[in-house]
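Biologist: Please take a close look at the aromatic rings of this model and at their surroundings. I should like one connected account, written for a computational chemist.

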Amino acid sequence: MARRVQWWSVAWLAGVWVALWGQVSVGNIVAGVLVGVAVTVALPMTPMGFHGRVRPWGVVRLLARFAVDLVRGSLEVAVVALRLGYVPTGAVIAVRLRSKSDLYLTLTAELCSLVPGTVVVDARRLTGTLYLHVLDAKDLQGIEAARAHVLEQEERLLRALASDEELAEAGLEVRR
Amino acid sequence: MSAAWWTSFADAAAAVCLLGGSFLAFAAGVGVLRFPDLLARMHAVTKPQTLGLVLVLVGLALRLRTGATVWALLLVVVFAMLTAPVAAHLVGRAAHRTGRMSPERLLVDELTRDAHTDDD
């Protein structure tokens, strides 16, 4: 079976290699590419089908919101941790994502672990469902808020990376 | 603005980042100690810990200001952000599947509800 070289992985590995050596030189880049090819040919990963379209404005919005959420999430957990005599009430909720793609499921799960309130406990790819633990759910309203939060996160991600067809499949209208 | 002004500005910013990062790492430690169960502890390990590490490394980069070091620090940040959620997910999943959690502390548990309906 002829294996195709996964050039995006090679580029990423070469970038990591150059950063590790800390110097951009021809020798480092050539060595990085060679290491990248060797690693991807020796240990090939299942190709991740990416059929989306990168939308710069969507990516900017996703990253900006992520940065804000990361700070808010960290401070919230820090406050709960340092509040004396307060024991948070947790909950494990199921959120069925709208997109069926493994890639977006994975990325949404990663993002949701770092932003306020939630940590991923389990994921089912067949149903596209994420199971998340909410640190401080307080009441049923808190649970619904967390659920809405995850779906918003997914929507931002889809609006940054998904193609028009994938957006339509997920039931989101295509904005121009 | 003179070069000396920028140097002291970068030093001051570095100090703020280092102190902020240390505070978050401290809060994460307190959280791990105080939170009631494993799943709650994973929150402390993923969020304040990651941002704390990022802030400490940003502080270091601002203070050291050499190309090679900054690249290496950037790599650490990227890998910390990529791996912390995965690690938390695996620990949380293992805990849930082996029943090492306290159901009475959970408001709802939709994973246990769904666990018997489908498996993949």
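Modeller: The account below begins with the aromatic rings and then moves to the chain contact, the helices and some individual residues. The model is a predicted one.

Over all chains, the structure holds five aromatic pairs. One of these is formed by A:Trp12 and B:Phe79, whose ring centres are 5.9 Å apart and whose planes meet at 50 degrees, a tilted arrangement. Since A:Trp12 belongs to helix 1 of chain A (residues 7-21) and B:Phe79 to helix 3 of chain B (residues 67-97), this pair joins two chains. A:Trp12 has a relative accessibility of 43% and therefore counts as partly exposed. B:Phe79, with a relative accessible area of 34%, is partly exposed.

A tilted pair is also formed by A:Trp17 and A:Trp21, with 6.0 Å from centre to centre and 55 degrees between the planes. Both residues lie in helix 1 of chain A, and they are four residues apart, about one turn of the helix. The relative accessible area of A:Trp17 is 26%, so this residue is partly exposed. A:Trp21 reaches 53% relative accessibility and so counts as exposed, the limit being over 50%.

In chain B, one aromatic cluster is made up of B:Trp5, B:Trp6 and B:Phe9. Chain A offers a contact of another kind, between a charge and a ring: A:Arg83 lies over the face of A:Tyr86, 4.0 Å from the ring centre.

The pair that joins the chains leads to the contact between them. Chain A contributes 54 residues to this contact and chain B contributes 48 residues. Between them the two chains bury about 4000 Å², of which 69% is on carbon and sulfur atoms. On the chain A side, the residues that lose the most area to chain B are A:Val92, A:Val121 and A:Arg124, which together account for 15% of what that side buries.

Chain B itself has four helices and one strand as its secondary structure. Along the sequence, these elements follow the pattern α-α-α-β-α. Chain B has 120 residues, and 37% of them count as buried. Of the contacts in chain B between residues at least 6 apart in sequence, 66% join residues at least 24 apart.

Helix 2 of chain B permits a check on its length. This helix covers residues 38-64, and at 1.5 Å a residue its 27 residues should span 39 Å; the end C-alpha atoms are 37 Å apart, which agrees. The helix also has a kink of about 30 degrees, centred on B:Gln49.

Directly after helix 2 of chain B comes B:Arg65, with a positive phi near 55 degrees. This residue has its positive phi although it is not a glycine. The sign deserves notice because most residues other than glycine have a negative phi. B:Arg65 is placed in the loop between helix 2 and helix 3 of chain B. With a relative accessible area of 40%, B:Arg65 is partly exposed.

Three residues of chain A illustrate different surroundings, as their values show. A:Thr108 is situated in helix 4 of chain A, residues 102-114. The relative accessible area of A:Thr108 is 0%, so this residue is buried, the limit being under 20%. Apart from neighbours within four places in sequence, A:Thr108 is in contact with A:Leu97, A:Leu130, A:Val150, A:Gln153, A:Glu154 and A:Leu157.

A:Leu151 belongs to helix 5 of chain A, residues 140-161. At 24% relative accessibility, A:Leu151 is counted as partly exposed. Not counting residues up to four places away in sequence, A:Leu151 touches A:Val95, A:Arg96, A:Leu97 and A:Arg98. A:Leu151 and A:Glu76 are 75 residues apart along the chain, and their C-alpha atoms are separated by 20 Å.

A:Arg125 occupies the loop between strand 2 (118-124) and strand 3 (129-134) of chain A. A relative accessibility of 55% makes A:Arg125 count as exposed. From A:Arg125 to A:Val80 there are 45 residues in sequence and 32 Å in space, C-alpha to C-alpha.

Notes:
Residues are numbered from 1 along each chain as its sequence is written. Chains are lettered from A and ligands numbered from 1 in the order in which they are written. This is a predicted model: local features need pLDDT of at least 70, side-chain atom pairs count only at pLDDT 80 or more; totals for chains, interfaces and linings use all residues. Side-chain values use heavy atoms; hydrogens and water are left out. Rings of Phe, Tyr and Trp (its six-membered ring) pair if their centres lie within 6.5 Å; planes under 30 degrees apart count as stacked, over 60 as edge-to-face and the rest as tilted. Buried means under 20% relative accessible area, exposed over 50%, partly exposed in between (1.4 Å probe, protein chains only). A charge sits over a ring if NZ of Lys or CZ of Arg is within 6 Å of the ring centre and within 35 degrees of the ring normal. The expected span of a helix is 1.5 Å times one less than its number of residues. The bend at a residue is the angle between axes fitted to the seven residues ending there and the seven starting there. Contact means heavy atoms within 4.5 Å. Buried area is the accessible area (1.4 Å probe) that two parts lose on being put together, summed over both.
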